[in-house]
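These are my notebook entries on a single protein model, written down in the order in which I looked things up.

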Amino acid sequence: VSGCRPTEHARRMPRRPAPLPPSIDPAAFTVDDARRAGVTWSRLQSSDLRRLRHGIYGPAGPAAVSVREWTMDEIRAYQRRHPDVVVSHETAARLHGLTVPARLLAPGAVHVSVGTSGGRPVQAGLVPHRIEVPEGQRMTRGGVLVTTPARTLWDLCAARSALTERDVVAAGDALLYPPWLPGGGRGDPAYTPEELVRSLAERGRFRGRGLARAALARMRVGADSPRETRLRLALVDAGLPEPEVQCRLDPSDRRAPTVDLGYRPWRLALQYEGEHHRTAEQQARDVLRDRWCADHDWLSIKVMWADARNDYADVVARVRRRAAAFGG
C-alpha cells in the first residue's frame, strides 16, 4: 500500500553493488585501473570483488592467493601496472609451447624479466630476473608481453635450467621446422637459420652462451619431430657422419620417397615410426616407400621410440654394418 513503512526484512536486504565501468576488465584489474575509471575504495570492498594479488582485484571466489597460480588475466593486469615487466624463461616457454623438457613446462611460478635498473617487483608466485629485454625480443601473446621464442630459448640456456645440448638443438630444430598446412604443403617456419643466429647475437653476453652457440651450430631445417633430431645427434655423437635430413632418395625422380634421415653413399634410409604412422594413409605411404627401397637396393631401417632408451645403440650398430658393407 502506498505510503506504508518498509518492513524489517526489506530494510535488511543487501544493496546490489553498482556495475563496474566498461573500461574495467572484470576478470582482473589493478587499483590504478579502478582509480582511473572512478571506482571508489568502498566499491572495491564490495562482496562481489576480492583482492587477487597485491594491488589486483577481481571476482569474488574461494581460492587463496598463497596456493593459487597466476592466471593470464592477473598477469595482464600486473603488466598494466608494470609495463616494463616481460614474462620470460619457463613461463614464456610454456606460453609458446617450446619443445623443451616437460619439467620446464609444468605450471608454477611466473618468471619475469624486470631489467637491470630499479627494484624488483615483489609478489607471491613471481620469479624476477634482472635481465634487459630489448624491444626486438619482445612480443605479445594472448595479451601478455612475453619474450620471443628464440630469446626464451637462449634464456633457458642458463646453467640453472640444466638443459643439455641435445635439448637445445631439439628446441631449435622445432623453431626452424616448416609446418605442414591443413590443405597440404608447407608453411613458413617460426625462424630461419639466419634469424636464429641474429637473435643470439642480439642476446649479448650471458652465462650459457657457449651452450647456445654449440647447439645453434647443430640445428637443421626439416626435422619433423624432436625424436628425429635426437636420433640424428646420437648418430653423429657415435662418430658416424651426419645423415641428410628429409632425404629424397632419388632427386631426379619426383616419385621417389623422402625419408627422415638418409645416407646417400650407403643407400641407407632411416625412418622414425611415430604415432602418425598409425593412420591408414601413412601406412600406405610407408609400404610404397619400403617397396621403392627394395626395388632400388636401398636398405630401410625403421626406428621406434624404444630405441631411445639406450641412445639408439642398435640403430647405430646397424648403420655401422651398412657403412662397412660399402667400405665406409
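**Entry 1: the whole chain**

How many helices and how many strands are there in the protein chain? I went through the chain, which is a predicted model, and noted 12 helices and 12 strands. I then looked up burial, and found that of the 328 residues of the protein chain, 42% count as buried. For the contacts, I took those between residues at least 6 apart in sequence, and among these 54% join residues at least 24 apart.

**Entry 2: two helices**

How do the axes of helix α6 and helix α7 cross? I began with a reminder to myself that two packed helices are described by the angle between their axes and by the distance between the axes. For α6, residues 149–156, and α7, residues 165–176, the axes come within 11 Å and cross at roughly 180 degrees. An angle over 145 degrees counts as roughly antiparallel, and therefore α6 is roughly antiparallel to α7.

I next listed the residues that meet: on the α6 side they are P149, A150, L153 and W154, and on the α7 side V168, A171, G172 and L175. Sorted by kind, the residues of this contact are 7 nonpolar, 1 polar and no charged.

**Entry 3: aromatic rings**

How many aromatic pairs does a search of the whole structure find? The search gave me 5, and I wrote up two of them in detail, beginning with F29 and Y57, which form a stacked pair at 6.4 Å centre to centre with 25 degrees between the planes. F29 lies in strand β1 (residues 29–30) and Y57 in strand β3 (residues 56–59), so this pair ties together parts that are 28 residues apart in sequence. Both F29 and Y57 are buried.

The other pair I wrote up is W41 with Y57, which is edge-to-face, at 6.4 Å centre to centre and with 80 degrees between the planes. Here W41 in helix α3 (residues 41–44) is linked to Y57 in strand β3, and the two are 16 residues apart.

Is W41 buried or exposed? I noted that W41 counts as exposed because its relative accessibility is 55%, whereas Y57, at 7% relative accessibility, counts as buried. Putting the pairs together, I recorded that ring pairs link F29, W41 and Y57 into a cluster.

**Entry 4: a charge over a ring**

Which residue has its charged end over the ring of F206? I found that it is R203, whose charged end sits 4.4 Å from the centre of that ring.

How values were computed: Residues numbered from 1 in each chain as written. Predicted model: local features only at pLDDT ≥ 70, side-chain atom pairs only at ≥ 80, totals over all residues. Heavy atoms only, no water. Axes fitted to C-alpha atoms, helices over the stretch in contact; angles between N-to-C directions. Helix = DSSP H or I, 4+ residues; strand = E, 2+ residues; numbered from the N terminus. Parallel < 35°, antiparallel > 145°, perpendicular 65-115°, else oblique. Contact = heavy atoms within 4.5 Å. Nonpolar A, V, L, I, M, F, W, Y, C, P; charged D, E, K, R; others polar. Phe/Tyr/Trp six-rings, centres within 6.5 Å; stacked < 30°, edge-to-face > 60°. Buried < 20%, exposed > 50% of the residue type's maximum accessible area, 1.4 Å probe, protein only. Lys NZ or Arg CZ within 6 Å of the ring centre and 35° of its normal.
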